[in-house]
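Reader: I am new to this and would like a close look at a single part. Please pick a helix, then show me how its surroundings fit together.

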Amino acid sequence: MVQRVVILGGGTGGTLVANRLRHLLAATEAEITVIDQDDLHIYQPGLLFVPFGLVKVARLVRSRSGQLDSGVAFRQVGVDHVDIDHDQVVLADGSHLGYDVLVVATGAALRPEETEGLTGPGWRDRVHTFYDLAGATALSGAMAGFRGGRLVVNVVDMPIKCPVAPIEFVFLADWYFRRRGMRDRVELVYATPLDGVFTREVADRELAALLRRRDIEVVHEFNTGEVDGARGRLVGYDDRQVAFDLAVVVPLHAGAACIEHSPGLSSELGFVPADPATLRAKARPNVFVIGDAADLPSAKAGSVAHFQGDVVARNVAHTLAGEMLEAGFDGHTNCFIETGAGKAVLIDYNYDTEPLPGHYPGPVGLPLLRESRTNHLAKLLFEQFYWHVLLPGRPVPGVTAAMPTAGKDLRAVGSRAREETAGGY
């Protein structure tokens, strides 16, 4: 009997787990099908660089189906909802697709309309985001035309995809305006709902110090209730106001609508609660989740999807074979944080361990918790790694799902995160 694996979403997590499953199940008759509403696979880490003229948008987009192994089927169709009681996906055209195992890889969706005024007067004029293609492109023009004033980068609420990206944006803005010889005419402000700049104590101290050195103001615990584009101000729920001439806003995130509308599958925000070690959904034993779609105490980031991929693929194979699952994911996350002027900081941590100084992935490797040109170059090279190694599901020697301890100064182990969502890639 042919066993059916259906994967919802053809982004990073869905693509890499489909390809790894095809390798694992090559000797079986399992059918693997990836479903997505469009055929545009976007290299999301590259969106950060678009507003600064460092990357052309066309370079970031490829075909979703073109990234899949020849043994994986791709269906371009929308999903209405999942019927977990009858093991089937209800598609937007009214048809049904049954499954033996389902993998939810639908990512996180931007919900700018949920914040009062965000998409009103000033949207795409003096109020922007770089978290999608259209937004990053429009912001590129706004940055080029900016002649001075107060630029505010604002995170509306957590969780968000790659929570270090807004911090990277203000670092790059500092570098960008210095290069244009106008930094003295620009006030840079980072307004965050957190009580620090980052969710991990050790990294928070390092990044806060770098922001101070670059004369970037931080407004902590700012919970945005309204974006007033006409008057140039952010208004918090506590009535505090942050004035701006140009605002770069990271909107509220939620799960995909089709998951939110699937009874019994999702949390209130549309993400899928799952076992943090096996990635099996709490809703049903034959449903797994990967990447940004997961409701887990780990990051919504590309590195997390990468490390989860091996665990999800193996556990899907175990489920099909009626075997015990592997509790193989420890929350491993790593993150290159651009700090401008051709440098970056690398951090590496998991559910229980703070970012540590040392090197990654071993004693001879990239420096951790330290600005380095090597880290910057590694971040740039990651684009090729993404297309040619990560998405095809190829193994990488020395890089595993579990966080490595070799090369790290374990004496510097700190407490767990203040918040349980952090950054990646």
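Author: Start with a definition: buried means under 20% relative accessible area, exposed means over 50%, and partly exposed lies in between, using a 1.4 Å probe and protein chains only. Helices (H or I, at least four residues) and strands (E, at least two) are DSSP runs, numbered from the N terminus. This is a predicted model, in which local features need pLDDT of at least 70, side-chain atom pairs count only at pLDDT 80 or more, and totals for chains, interfaces and linings use all residues. Residues are numbered from 1 along each chain as its sequence is written, and side-chain values use heavy atoms, with hydrogens and water left out.

Now take helix 3. It is mostly covered, with 12 of its 15 residues buried. Among them are Ile167, Phe169, Val170, Leu172 and Phe177. Charged residues appear in that buried set too, including Glu168 and Asp174.

Next, check its length. The expected span of a helix is 1.5 Å times one less than its number of residues. Helix 3 covers residues 165–179, so it should span 21 Å, and its end C-alpha atoms are indeed 21 Å apart. Just after the helix, Gly181 takes a positive phi of about 70°.

What does helix 3 pack into? A nonpolar core is a set of buried Ala, Val, Leu, Ile, Met, Phe, Trp, Tyr and Cys residues joined through side-chain atoms within 4.5 Å. The largest such core has 121 residues, and Ile7, Met143, Phe169 and Phe177 touch the most other members. Helix 3 gives the most to this core, with nine residues.

Look closer at Phe177. Contact means heavy atoms within 4.5 Å. Leaving aside residues up to four places away in sequence, Phe177 touches Met143, Phe146, Leu151, Met182, Arg183, Val186 and Leu188. A second, separate core of 14 residues includes Val127, Val156, Val219 and Val249.

Now the cysteines. A disulfide is a pair of cysteine sulfur atoms within 2.5 Å. The structure holds zero disulfides. Cys162 is in none, and its nearest cysteine sulfur, that of Cys335, is 5.5 Å away. Cys162 counts as buried because its relative accessibility is 15%. Cys335 is buried as well, at 0%.

Then come the charged pairs. Side chains of opposite charge can pair when their charged atoms come close. A salt bridge is a side-chain nitrogen of Lys or Arg within 4 Å of a carboxyl oxygen of Asp or Glu. The whole structure has 19 of them.

Arg150 and Glu187 form one, at 3.0 Å from N to O. This pair links distant parts of the chain: Arg150 sits in strand 12 (residues 149–155) and Glu187 in strand 13 (residues 186–191), 37 residues apart. Arg150 is buried at 17%, while Glu187 is partly exposed at 45%.

Glu201 and Arg205 form another, with the closest N and O atoms 3.4 Å apart. Both lie in helix 4 (residues 201–213), four residues apart, about one turn of the helix. Glu201 is partly exposed at 35%, and Arg205 is partly exposed at 48%.

A third example joins Arg214 and Glu371 at 2.8 Å, N to O. Arg214 lies in the loop between helix 4 and strand 14, and Glu371 in the loop between strand 26 and helix 7, so the pair ties together parts that are 157 residues apart in sequence. Arg214 is buried at 14%, whereas Glu371 is partly exposed at 23%.
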